[in-house]
Structures are given as C-alpha cells and as structure tokens.
Amino acid sequence: MNAETVIQALGRNLAEELFPAERQLIPNLNDIYELELAFYENLILSDEEMVRNGAFFAQVGDQYTHHFLMCTGESLKLPGHSASRLKSFFEKNIFRTGYATHGLFPYRGKFHPQMIKGLMNVMGLKPGDTVLDPMMGSGTVLVEASLMGIRSIGLDASPFCRFMTQTKIDALTMSLTRARDALVHLEEVFSYFQKKVGQPLPGSKPSKRHMTENVMSVMEATAEYIAQQDHRSLKKKDRDTVNTYHLLLLAYLDSAGYAERSARKKPLDLFRAILERYLFVVEKIQKVISEMEIEPAQAEVREADARSIFLADNSIDGILFSPPYSFAIDYLDNDSFHLNFMGIDSNALRERMIGLRGRNLSEKYEYYKEDMGKVLSECARVLRPGCFCTIIVGTNSNQLSKVFGVSPDQVQGLHEILIDIGERFGLTPIKRMSRPITGISNIMRREYILILQKGTDLH
Ligand SMILES: C[S@@+](CC[C@H](N)C(=O)[O-])C[C@H]1O[C@@H](n2cnc3c(N)ncnc32)[C@H](O)[C@@H]1O
C-alpha cells in the first residue's frame, strides 16, 4: 500500500481541477451528464454570460448567477396533501425543475429545465438568437429561452400544449392583481369552472353562493378564449383579463387531474392549494425578473404539425426538442379530461400525433420512423448551416423488442434510429451524452442527448 499516493490523490478537489476558483458549481449537482454540461458551459460562457444564463454555476466571484437566484428563496409550496415522496422529489430537484413557471402543470415527459438551459449554452445560443422546439409539450424550452433573452418558437400538435405553454410564458410577466383577487373569492371561481369545464370525478361540491360581479364578469368576458390564437394584440387591460383567466383555468384543470387520482381531498381544497402554489411560484420568478432587470424574450407559441414547419429555410439558430418516446406515453389519454373540455376530437388529433398512428406496435413503429423522417428533414431545412439540433430521447428497447420478437439488448435504440435518420438529411452527430431518468414514475431507464450539426455546405 502506498499511503502517500492515496493522501495526495484525496487531497485534490475535482471541481477545483475542472473549474476556475471563482466559478462555484451549483449545489446538488449529482449526475455525470450534469458535470459534463457544466464543463462545456464553463468553456463556452464568459463571466458575464455565466452570471446571466449559466445553468450549473451558483456564483462567479461574489456575484450570484440568475439561475441560483431563480431557484433559491423559500422552498416551493406544494399542496398540503402531497406525499412525502413527491416533496422530496421537488426539494432534491430545486435547481433542476422547481423554479420559474415550469411547475405550473404536471406534464409527463417534460424536460429538466436546468438541463435545457445548459444545452442552449452548449449549443452556443446567445440573447437575440432564435431557438425552435417543434414539439414543445409543456413549453420548457420556451420558458427557459425567454428568461435567457433568446427568442423562441414552439409548435405542438396538441391544442392543450399550446394553451399550457402560452399560459406559462404569459405568467412570467402578467399582472397578478386579479388572480390574487380570485383567491379571495375562491368558491365562486371554483363553481364557475365546475359549470364551465366539468366536475372532477370524486369529491365534494362547494356550497352554492351568489357570484360577485367583479370577479365573475372578468371570467365571463373571456370564457371563449379558445377561439383566440393570439392575444398579443389585445389592449393591456384585456390581456390581463385573458391571462388571469388562463392561469385560473390551468390551476383548475391541474386540480381536476389531482382530484381524479385522489379522493382524499376535496376538489375545492385541491384547487385552493394549487392556485396558492401557482401564485407563489409566479410571484417568486416575477420578483427575480424585476430585481435582476431581466427582459423576457419573445416566445411564439403555435398549435402546428412538426412534419411541415411554416418557417423559412435557414432561418433558425438552434433546435432543441424531445420527440414522443415512440409509443411509451399516450399523451392523448393523459390529457383526455382537458382535451374533452376544449372540445377537441381526440380521434382526429390521434392521426396527427407522432407515435400514436397505427393499429398495432409494428405499424406504429413504421409510421413513427416515417414521421420522424419528415420532422428531421424539416429541422434540417429551417436550421442555419453550421447550427445545432439537439434531440433528447429515451430508450424504449423493451417495446421495440416486442415489435421484433427479439430480446431488448438486440434492438437498435431509438436514439440510434434518429441519428441514422438525421444523417440522411445532413445532420451530423457531434456529441452523444446519456443520463439516467429520475422522474417519479417512468418506464424508461436512460435518456440520450444527441447534438447534431447541420453541415455548412447545405443551403
Ligand atoms: C416528449 S413530449 C415533449 C415534452 C417537452 N419537451 C416538454 O418539456 O414538455 C412530445 C410532444 O410531441 C407532441 N407531438 C406529437 N406529434 C406531433 C406533431 N406531429 N407535431 C408537433 N408535435 C407533436 C406531443 O403532443 C408531445 O407534447
């Protein structure tokens, strides 16, 4: 045994060897892929950029980074009924997920926002650039980009995703006066939505009361919000009204989802707890935005098909997205309550949803490849030459093994299939990272981060 070698080795500090002393890593950084992203971020960002947009560092010299400030403060409020498992998930993930408006709706398959911020840095995106997420889901890329000063465009085939993302974006800057008022008149607001949207299955009815004019007139005036695709052109007062309506509705739908899964709490109490939490997180991020003088960048949210993108050739500085994990998650089943409420024909939508088309697994698999071919060819078309397209995709070898009737370790992973398709359209893989999936309930074990570059000779 050579004790001296051991002492020498243990006397060294990994972070100090990798990073300059004045750049302090964020606490709770546990995974190797995070250290890897921090490593690249450190190489790519100047001190000023690190303070403004760094994802994995808490301090540069004596300055706290915006990310650190956005995440710290009072720990996130969870509904009182939350199982301790859920609570510890949020606390553990305070720097990864539980900040800004990301937690406003529990959308399955959502990105880790911190990782998205880190990846946008690693892709060289800067304030003023434009990033595209052609399958935005709950809008993680758009919210992060907006806070980083990066313009963004998000598409999703599901109208519910458009609604959810738009609400999260608007919540960064909306006036909260009326939403706070709604908390005071909670029972009225709740019974209004019960009538309008429908009743969550188990649980109780709130006591009937006469509705006060001032709160409910705000609701009624905008109840037909779905018809409005774009409300940026509205006057400030009307925009506040629409934004308030959207935030309350999202909280209601969120509580209805909880109520369907749990009969332990009364729906009204769930609604109160969720709305309080929404207001708490939105106030928190708005405070940082104002204190740090952050100007959220424009985010364009569209209900659209990623297989045929409306953008011009070579017009986008970066693409970052996560395709449906093949057939692992039936997004339509997950959202059925919300889609029904929005009057959406799920069968027609199913035909547009990648991963859901087809009658059986092998047909779905064929459609999936065909559809992802169209998406990647569109990505390659709209991306500027030399820029990067990052895809995050989970392994689903168990499912694919059923399609082919072979063992899971014999199938080509979805990430490899996507790399092959990307290469056909001039997207060259330059980096592949993988990370364990640590969500609360997930049937996949690893997720791949694939960074592809569009060749400079393609115009
Ligand atoms: C894995 S999720 C994306 C989650 C997202 N990254 C987030 O952070 O919430 C994949 C999304 O692709 C959407 N999608 C499926 N088919 C689509 C299509 N043809 N065009 C656009 N989006 C589609 C689904 O509605 C779903 O929201």
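Which residue is the bridge partner of Arg-23 in β2? Val-60. Keep that pair in mind while I go round this one, and remember that we're looking at a predicted model.

Let's stay with the sheet for a moment. Three strands make it up, in the order β1-β2-β3; the sheet is open and the pairing is antiparallel. That leaves β1 and β3, residues 63-64, as the edge strands, each pairing on one side only. Between β1 and β2, which is residues 57-60, you get 3 bridges, with the two strands running antiparallel. For anyone rusty on this, strands of a sheet pair through backbone hydrogen bonds, either parallel or antiparallel.

Okay, on to helix α3. That's residues 32-44, so 13 residues, and from first C-alpha to last it reaches 19 Å, close to the 18 Å expected at 1.5 Å a residue. Which residues of α3 are buried? Glu-34, Leu-37, Ala-38 and Glu-41. They sit on the same side of α3, because they cover an arc of only 105° around the axis. The general point is that an α-helix has 3.6 residues a turn, so residues three or four places apart point the same way.

And what do those buried residues pack against? Our friend β1, 23-25, plus α7, 113-122. On the face turned away from the buried side, you'll find Ile-32 and Leu-43, both exposed.

Last stop, the ligand. There are 23 residues around the ligand, and the ones that come nearest are Met-135, Gly-137, Ser-138, Thr-140 and Ala-306. Split that shell by type and you get 12 nonpolar, 6 polar and 5 charged.

Definitions and conventions. Residues numbered from 1 in each chain as written. Predicted model: local features only at pLDDT ≥ 70, side-chain atom pairs only at ≥ 80, totals over all residues. Near = placed C-beta within 6 Å. Nonpolar A, V, L, I, M, F, W, Y, C, P; charged D, E, K, R; others polar. Helix = DSSP H or I, 4+ residues; strand = E, 2+ residues; numbered from the N terminus. Expected span 1.5 Å × (residues − 1). Buried ≥ 20, exposed ≤ 12 C-beta atoms within 10 Å, placed from the backbone. Arc of directions from axis to C-beta. Contact = placed C-beta atoms within 7 Å. Pairing = 2+ DSSP bridges.
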